[in-house]
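Subject: Structure handover

Hello,

Here is the structure you will be working with. Please open it next to this email and follow along.

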Amino acid sequence: MPVKNRFAELLPEITEWRRDIHEHPEILFETHRTSALVEEKLKAFGCDEVVGGIGRTGVVGIIKGKSNNSGRTIGLRADMDALPMFEDTGLDYASKTPGAMHACGHDGHTAMLLGAAKYLAETRNFDGTVAVIFQPAEEGGGGGKEMVDDGMMEKFGIDEVYGMHNWPGRPVGSFAIRSGAFFAATDTFEVAFKGLGGHAAKPQEVIDTTVMAAHAVTALQTIASRNADPVSQIVVSVTSFETESKAFNVIPETVTMRGTVRTMSEENRDLANKRVPEICEGIAATFGGRAEVNYVRGYPVMVNSEEQTEFAADVAREVSGDCMDAPLVMGGEDFAFMLNARPGAYILVGNGDTAMVHHPKYNFNDEAIPAGCSWWAEIVERRMPAA
C-alpha cells in the first residue's frame, strides 16, 4: 500500500495547518493556542470524544472504527511544543514569537497526526478504537510522563502506542527504525565547587575552585574511558563552566559546572549517577574544598518493543518501499515514558537535505507529510483490520 491518495489531496490543507503552528510556537506546557487548535480540528473532524487538559495541556481524540470486535485501542502520539531559541529561516511563516521556534519539527508531527485523524474519522475502516495523542513539553519538560501519570493509558484503554519523528539527512518520506534501545536516557548534573576566594597574585592564601573544576572536567571523562564497558554507549559532557567573578585578578570562591550524561542502559545510568558525585567530591577534597552535586535523572532509555517494531517497519516498507535500520541515537525522547507504560514503536521519517533539528535554520519539510500520515493510518488499518 503506497502513500494514500487522500493525503495527496489533503496536502495543501495539512501544510496550511503546519505553517500556522510554525508561525505561533509555544514552549513546554504553554501550548495553549496549539492545544486549542488541535481540539477544534478534532471536533470538526467528528471524533467521538475530545479531551483536553491531560498532562496539563495535552489533548486526546478518540475515533471509533466501523466495528469493535477486536476490543483494541491503538494510540498514535505527536508532540506539540517548540524550542526556546530564535529562528533564522527568513520564511514567510517564520516564528512571530521572539525566542521561540519550531526547530525540531513538532509542528510537522502535529499536522501529520491531525491529517491522519481527519482521514480515520472520515473512513473508520478499522475494527477497534484509535486514540490520537497530542503531547506538550517533549523538549525537556516530560510531558509524556505527565500524560501517563494522569492515567491516560487506563482512561482510554490504550493497548499499544506508536510515535514518529522527522529526520534530516534521510530521503524525504523514507523510514528508519530499530528494535530495543533506540534513544538514550538523558540525565543532567550541576556541581558547585566551594573554596576560599582571594587575590590571584596570592594563590597560597586561597582554595582554588577553578583548579578543582578544571580537574573535574577531565576526570569525568574517565567514566566512559575507564569505568564503563568499552563496547557500551555512554557520553559525559560538561557544557557549562561559570565562575562567580569575571575579574582578571580574582580567584572565585565558587565555580558552578553543568553537564549531561547520555546512556543506553540502566547499568551505565546507575554507574554515572554514582561516579559523577564521587569524582567531583573527591577532587574538591583533594584541593581542600568541597563539591555540592545535584544529579538529576531525566528521560529514561526509549525502548521499542520487538513485535511492534517489526510491524511498524513492515508498514513503512508498504508505504515508502523501504525501511532502513536506524542507528542508536544519543539524544533523548520522552516518548520513552509511553513505551514504558505500553508496548509500541517509534519510527523516523526522512526530512530530506535540510538543516539538522535544533538549528536556527531548520524547517520541517512539508513533502514528508503524505508519507507520515499514510504510515499512521496504515498502522491502524493493518493492526485492526475492518471486520
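Which residues does tryptophan 375 touch, not counting residues up to four places away in sequence? They are Tyr162, Gly163, Met164, Phe175, Ala312, Val315, Ala316, Val319 and Ile347, where contact means heavy atoms within 4.5 Å.

A note on the model before the rest. This is a predicted model, in which local features need pLDDT of at least 70 and side-chain atom pairs count only at pLDDT 80 or more, while totals for chains, interfaces and linings use all residues. Residues are numbered from 1 along each chain as its sequence is written, and side-chain values use heavy atoms, with hydrogens and water left out.

Nonpolar cores

Trp375 also appears in the largest nonpolar core, which has 62 residues. A nonpolar core is a set of buried Ala, Val, Leu, Ile, Met, Phe, Trp, Tyr and Cys residues joined through side-chain atoms within 4.5 Å. Buried means under 20% relative accessible area, exposed over 50%, and partly exposed in between (1.4 Å probe, protein chains only). Leu42, Leu76, Phe134 and Trp375 touch the most other members of this core. Helix H3 gives the most to the core, with nine residues; helices (H or I, at least four residues) and strands (E, at least two) are DSSP runs, numbered from the N terminus. A second, separate core has 25 residues, among them Val51, Met153, Phe156 and Met302.

Helix H11

H11 covers residues 369-383. Of its 15 residues, 14 are buried. Its end C-alpha atoms are 21 Å apart, which agrees with the expected span of 21 Å, because that span is 1.5 Å times one less than the number of residues.

Salt bridges

Side chains of opposite charge can pair when their charged atoms come close. The structure holds 31 salt bridges, each a side-chain nitrogen of Lys or Arg within 4 Å of a carboxyl oxygen of Asp or Glu.

- Arginine 18 and aspartate 107 meet at 2.9 Å, N to O. The pair links helix H1 (residues 5-23) to helix H3 (residues 106-123), 89 residues apart. Both residues are buried.
- Arginine 269 and aspartate 187 meet at 2.8 Å, N to O. Arginine 269 is in helix H8 and aspartate 187 in strand E8, 82 residues apart. Both are buried. Shared partners join Asp187, Glu266, Arg269, Asp270 and Arg297 into one network of salt bridges.
- Arginine 77 pairs with aspartate 79, with the closest N and O atoms 3.7 Å apart. Both of these are buried too.

Regards
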